[in-house]
Amino acid sequence: MRTTTIGDVKVLLPDLKPDDLDTTMDPADGLIEALVEGASWRGSHLEDVSVRSSLISGVDLSESTWEAGNLYGCEITRTDFSGATLTGITIERCAITGSRFTGTRLTDVRLKDVLFDGCRFDYATLQRVAAAGSVAFNDCTLTNGAWSSCRLPRIALRSCDLTDLELDSCHLDGADLRGSRLYGLKTPLDNLRGVTLGEDQLSDLTRLTVAALDLAVRDD
């Protein structure tokens, strides 16, 4: 069993051996124990497709649409989801590394035992995304995104850039935000109820509080 720990969050990860996988380039009927490298699926439409125990590297999924279906036990590296729309899918026991989700729209997505490491979610939209188990974002860029009605308790957001990320009606109770850049985060304070911060983030939290309460701070 392969695991990793990010902050206080322990994530169960896939343990794949490339030599045991079959090389393929076609996702239409789903993938099981597949090795996919450098494929271009840009603009493709996937419906109720299941991808299991597969290694995906350097694939172009930009501007694609994926409705229903699931990702289970997969390793995804250097893959481009920019401008893609992911709706109603489940992602479980997956490690997603060095991948781009710029402008991606994730709606009604369920996450369990998922690690996003070194990924870009700038300008991404997350709506009703829910964590059903351990989820960690490590060293990710989440700038200028918009998260609404997401239930992500006890996740890790470690060493991430949250500049100009907008949070609306999100439940993050118990989330670990230590080491993340909070400056410019756009959120009502209720969205941060119960999160864990480091002492070095208190100045950013003070700025958020002043802005949220529309306080006047004067020197005299």
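**Whole chain**

Residues 24 or more positions apart account for 11% of the contacts with a separation of 6 or more in the protein chain; a contact means heavy atoms within 4.5 Å. The model is predicted: local features need pLDDT of at least 70, side-chain atom pairs count only at pLDDT 80 or more, and totals for chains, interfaces and linings use all residues. Numbering starts from 1 along each chain as its sequence is written, and side-chain values use heavy atoms, with hydrogens and water left out.

Show the full chain as a cartoon. One helix and 21 strands make up its secondary structure. Both kinds of element are DSSP runs numbered from the N terminus: helices are H or I with at least four residues, strands are E with at least two. The radius of gyration is 18 Å, close to the 17 Å of the globule rule for 220 residues, so the chain is as compact as a globular protein of that length. That radius is taken over C-alpha atoms, and the rule is 2.2 Å times the number of residues to the power 0.38. Along the principal axes, the C-alpha atoms fill a box of roughly 70 × 35 × 25 Å.

Switch to a surface. The protein chain exposes about 10600 Å², with 42% of it supplied by carbon and sulfur atoms. Areas come from the Shrake-Rupley method with a 1.4 Å probe; for residues, only the protein chains shown count as cover. Buried residues are 47% of the 220. Buried means under 20% relative accessible area, exposed over 50%, and partly exposed in between (1.4 Å probe, protein chains only).

Colour by charge. The 22 positive and 35 negative charges have mean positions 4 Å apart. Lys and Arg count as positive, Asp and Glu as negative; His and the chain ends are not counted. Each charge is placed at NZ of Lys, CZ of Arg, CG of Asp or CD of Glu.

**Stop 1: residues 2–13**

Select β1 (residues 2–6) and β2 (residues 9–13). They pair in the antiparallel sense over five bridges; strands pair if DSSP finds at least two bridges between them. I6 has V9 in β2 as its bridge partner. Two residues separate the strands of this hairpin, and G7 in the turn has a positive phi of about 60°. Now show the β2 side chains. V9, V11 and L13 point to one face and are buried, while K10 and L12 point to the other and are not.

**Stop 2: around β13**

Select β13 (residues 90–97). Strand β10 (residues 70–72) runs parallel to β13, joined by three bridges. Y72 pairs with E92 there. Next, add β11 (residues 75–77), which also pairs with β13 in the parallel sense over three bridges. E75 stands opposite A95. Then add β15 (residues 110–117): seven bridges join this strand to β13, again parallel. A95 has L115 in β15 as its bridge partner.

**Stop 3: single residues**

Stay on β15 and pick D113, which lies in that strand. Its phi is near 55°, a positive value in a residue other than glycine. Is D113 buried or exposed? D113 is buried, at 14% relative accessible area.

Move to A68, in the loop between β9 (65–67) and β10. A68 is another residue other than glycine with positive phi, near 60°. Its relative accessibility is 30%, so A68 counts as partly exposed.

Finish at S82, in the loop between β11 and β12 (85–87). At 13% relative accessibility, S82 counts as buried. Which residues does S82 touch, leaving out those up to four places away in sequence? Select S62, E63, R100, T102 and T104.
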